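This report looks at one strand residue, the nonpolar cores and a surface patch of a protein chain.

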Amino acid sequence: MQKIGVFVCHCGTNIAGTVNIDEVVENAKHEPGVKYVAEYPYMCSEAGQSMVQKAIDEHDLSGIVISACSPRMHETTFRRAAARTKLNPFMLEMANIREQCSWVHKDKEEATNKAHALTRAAIAKVHHNTPLFPGESPVTKRALVIGGGIAGVSCALDIAEAGFVVDIVESTPSIGGKMAQLDKTFPTLDCSACILTPKMVDAQFHENINIHTYSEIESVEGFVGDFTITIRKKARSVDMKKCTGCGACYDKCPIKKIPGEFDEGLGMRTAIYTPFAQAIPNVPVIDREHCLKFKTGKCGLCETVCAPDAIDFEQEDELITEKYGAVIIATGITPISLDKFGEYAYTSPDVITSLEFERMTNAAGPTKGELIRISDKKKPKSITFIQCVGSRDVAVRSKTYCSKICCMYTAKHAMLVKDKYPDIEVNVFYIDVRTPGKNFDEFYRRAVEEYGVNYIKGQVGKVVDNGDSLWIQAVDMLDNKQIKTKTDLIVLATAIEPVKSVRNIAGMLSASIDTNNFMTEAHPKLKPVESPTAGVFLAGACQGPKDIPETVAGAGATAAKVIGLLAKDKLITNPCIADLDPYYCNGCSACEKVCPYGAISYEDTEINDHGKKAIRRIAVINKALCQGCGACVVTCPSGAMDLLGFSNRQITAEVDAICR
Amino acid sequence: MHIQNDYADQIRLISGSQDLKCMKCGRCSASCPQYEEMDVRPHQFVSYLQRGDIDALMDCESIWKCLSCFACVERCPRDVKPARLIEAARLLRIRRQSDDEFITPEQVPALLELDPDIPQQLLASVFRKYVK
């Protein structure tokens, strides 16, 4: 028979405001096996903890129940307190009378009854608790970063600097991401490429960083500290070791009219190409979908002109399997599709997205930095910027959230136009101008006060392409006037969303994702760079809209967390794992099939069944791999499988106690 | 500000319009083809409802100028449904009439004398407006 101590917490008025603590205490005293009951305003405080420790020693308690908050909050606190005594920490149970009771009930009597029932259940469970001992699992001192944008690159650099090997996997032919496409950055107006490319070069030459571009994640196995991940390096058709990056191949390529991804389709690229001049690695890829050699078998001009003989039409995808201790998701964002925004006439060449505008103002872009209308190559006399296109919108085609970066980049765009071409009339239609951030509002005000950008509170309802100009119907809400006017170029501040592939990646890593496909943090405030899945970390705008400074700061935080993990030699594992009774196992393999961690295998084992020795094929659990999910327990047809700490006996005892 | 009064609630009930969702972006007014003809503009309809100034809404010219083209409903990013709100205001305006402003059965023969071709449906529809 256990000697159980029950400790009821008031949590100030959080619990005591709705639950009659005295009654819970009184009721607990009459439960079987209960030797000691106490209450305290804040059980988690140092005084509360020492009260628990003292009672364990003085009353020689063999099990304890803490009736307080969710075990997510303070189970570790109290287990640590128990561990400071002679008691095994797993002889402790928590009854959640806050989140699942006082916070969700208004009626005091009802809440008190429930608090009593939950306490009763925890007491009943403790009767069946047994001491458990955590194991250890190894840590592979290597990290994988998925996504080679500014988030991935800066995170990788920080981890590499701490002395750990980092691999970056990037799906496009070069690292750099969206930041590489930008012209200037707000609010300092420094050249985006000028501050990004040194970071890219740092990553390229860092002894601890390996970059896999034009690559994707193929499969993921394992768990925190011990992931086994296969990377598919897509066939580049160019030998990376031989290529010198001279560019003769793409100069000679006859297929020159493919809309370039890097220029957002405004500029054309060849079938063999490097996305941009500072690409890392500076090794082209052959786009097999458009290449004449792959389509017709003829051509091969690039092969002819390639001096180092690097072109390899026979190259195949390569699979690399590597072990990692931690994985960082840094897949970033992309503008949403504007197919369903007919009212803005996006099909017109002179209606462009903000990212397209970035390419147009960039000296390396398709217009060499010259601001022109794509339709007639003429300089526009007036430009209209429209904010919140697809953001803060509850329609299916749109996103309900604020994309956060648009207010600032639109102010930047408007300012850049006015700076270069003061004669162009610039109008910005806005709903709200949101500029929280260091020097952000001052930046926006400069656009208005110094550069004469015309901000209009209101929206555009309709755009019609007349051929020589664009006609817009809009409203100025402060003037209460409808505006019907002509403009030459329209820039749409398009909402951003996570890249599509993140769903698949999150699925492989069992990391959770929200309804907008943004990655979910383990805790929105206290664990902002960790996913709820141990060993999977987050960086950059895959978590939600972020600007560059925020992304870099966040990536640094992510790196710190990853370094903290990789610096450990061993991880303490949860002892609440599957447990097999070999006498009941009939060798059916059902558990092996459902185990998501590959922790169960079958082996021929000698069983001593009441003196009768026999070789039987039974399940064997790998204690390092088992995560204690319980899938095998519910699958086992013969009741041989159980979960330590959550055994069938413990759970039925809890249910019985509640129903009593 | 969210005023609760009978008329305001009736408008919400009839239209299904959720005025609190409005973020005052003005896309309704930007989309409206009848904007110039209106004394109260589409984006103001929502403000009037929020303020509970329903009498002003029912007395304005705009409710008779709205073409019910539903461009505002289509473009509204917050699903506020301004056109449906106007339709509800129009309906309440009619219901607000005192009984003697409506046609009575006794008046029907005189009307038919005036115009024997008057469609039956028109008479029936006038009767239908005796809504309590």
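In which strand of chain A does A:Asp226 lie? A:Asp226 lies in strand E12, residues 226–233, strands being DSSP runs of at least two residues and helices (H or I) runs of at least four, numbered from the N terminus. The model is predicted, with pLDDT of at least 70 needed for local features and 80 or more for side-chain atom pairs, while totals for chains, interfaces and linings use all residues. Residues are numbered from 1 along each chain as written, chains are lettered from A and ligands numbered from 1 in written order, and side-chain values use heavy atoms, without hydrogens and water.

A:Asp226 is buried, its side chain making a polar contact (here a donor and an acceptor among N or O atoms within 3.5 Å, with residues adjacent in sequence counting only if both atoms are side-chain atoms) with that of A:Lys323 at 2.8 Å.

| Residue | Relative accessible area | Class |
|---|---|---|
| A:Asp226 | 15% | buried (under 20%) |
| A:Phe646 | 41% | partly exposed (between 20% and 50%; 1.4 Å probe, protein chains only) |

A:Phe646 sits in the loop between strand E34 (641–643) and helix H19 (648–659) of chain A.

The largest nonpolar core (buried Ala, Val, Leu, Ile, Met, Phe, Trp, Tyr and Cys residues joined through side-chain atoms within 4.5 Å) has 59 residues, and A:Ile159, A:Ile328, A:Ile600 and A:Met641 have the most contacts inside it. Helix H7 (residues 150–161) of chain A supplies the largest share of this core, 8 residues. Apart from this core lies another, of 41 residues, including A:Ile4 and A:Met94.
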